[in-house]
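Here's a quick walk through a single-chain model, with the sequence and coordinates shown below. Have a look at it in your viewer before reading on.

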Amino acid sequence: CSVANLEEHLQVHEDVTAQLHAHWRQRYLTTKVRTQEALFEWVQPKPPKAYESIDEIYDRLVMAANNAVQLGADDDEEEMERRAEQKSAFTPFSRRKVNKSKEQKQIQEWARRR
């Protein structure tokens, strides 16, 4: 761009800008979501969350427990303790049984391949 062709250069930019403006204007008219309305809705404060009272929560828990007892879904305490013990047996620090002969064969096969 130089002083000699500055007018032509500005005219090209003006044409491109007008085309872009027309394109985006057409997209705005055809879109279903209005930008200003969507932005206005997005910045509105959210309504406060409605919390239940402790009595309502307690009543709901009591009803759920009664339904579970009626359906027979309530396990014996011994069964629950047994399951808890089984789950607690699998810790990262528990030792696992290793088949030493199988492990030795795998090491020998690995050594042969190298």
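What follows covers confidence, the overall layout, the surface, the salt bridges and the last helix.

## How far to trust it

First things first: this is a predicted model. The mean pLDDT over the chain is 81, and 86% of the residues score at least 70. Confidence varies along the chain: helix α4 (residues 77–89) has the lowest mean, 73, while α5 has the highest, at 88. Where pLDDT is low, the predicted coordinates shouldn't be read in detail.

## Layout

It's helices and nothing else in the element list: 5 helices and 0 strands. Reading from the N terminus, you get α-α-α-α-α.

How many of the 114 residues count as buried? The share comes out at 0%. The accessible surface of the chain adds up to about 12300 Å², and carbon and sulfur atoms account for 55% of that.

## A nonpolar patch

Some of that surface is nonpolar in a contiguous way: V12, V16, L20 and W24 make up a patch with about 400 Å² of accessible area between them. One of these, L20, sits in helix α1 (residues 6–30). L20 has a relative accessible area of 48%, so it counts as partly exposed, since "exposed" would take over 50%.

The spacing in the patch is worth a glance on screen. An α-helix has 3.6 residues a turn, so residues three or four places apart point the same way.

## Two salt bridges

Searching the whole structure turns up 2 salt bridges. In one, the side chains of R60 and E52 pair up, with 2.7 Å from N to O. Both partners are partly exposed: R60 has a relative accessible area of 46%, and E52 comes in at 42%.

The other links the side chains of E109 and R113, at 3.8 Å from N to O. That still qualifies, because the cut-off is within 4 Å. E109 and R113 are 4 residues apart in helix α5 (residues 100–113), which means about one helical turn separates them. As for accessibility, E109 is partly exposed at 41%, whereas R113 is exposed at 66%.

## Helix α5 up close

How does the length of α5 check out against 1.5 Å a residue? Its 14 residues should span 20 Å, and the end C-alpha atoms are 20 Å apart, so the two agree.

There's hardly any cover on α5, though: 0 of its 14 residues count as buried. α5 is also the helix with the highest mean pLDDT in the chain, 88, and it's home to the E109 and R113 pair.

Definitions and conventions. Residues are numbered from 1 along each chain as its sequence is written. This is a predicted model: local features need pLDDT of at least 70, side-chain atom pairs count only at pLDDT 80 or more; totals for chains, interfaces and linings use all residues. Side-chain values use heavy atoms; hydrogens and water are left out. Helices (H or I, at least four residues) and strands (E, at least two) are DSSP runs, numbered from the N terminus. Buried means under 20% relative accessible area, exposed over 50%, partly exposed in between (1.4 Å probe, protein chains only). Accessible areas come from the Shrake-Rupley method with a 1.4 Å probe; for residues, only the protein chains shown count as cover. Patches are made of residues with over 30% relative accessible area and no salt bridge: like charges are joined within 9 Å, nonpolar side chains (Val, Leu, Ile, Met, Phe, Trp, Tyr) within 5 Å. The expected span of a helix is 1.5 Å times one less than its number of residues. pLDDT is the predictor's confidence in each residue, from 0 to 100.
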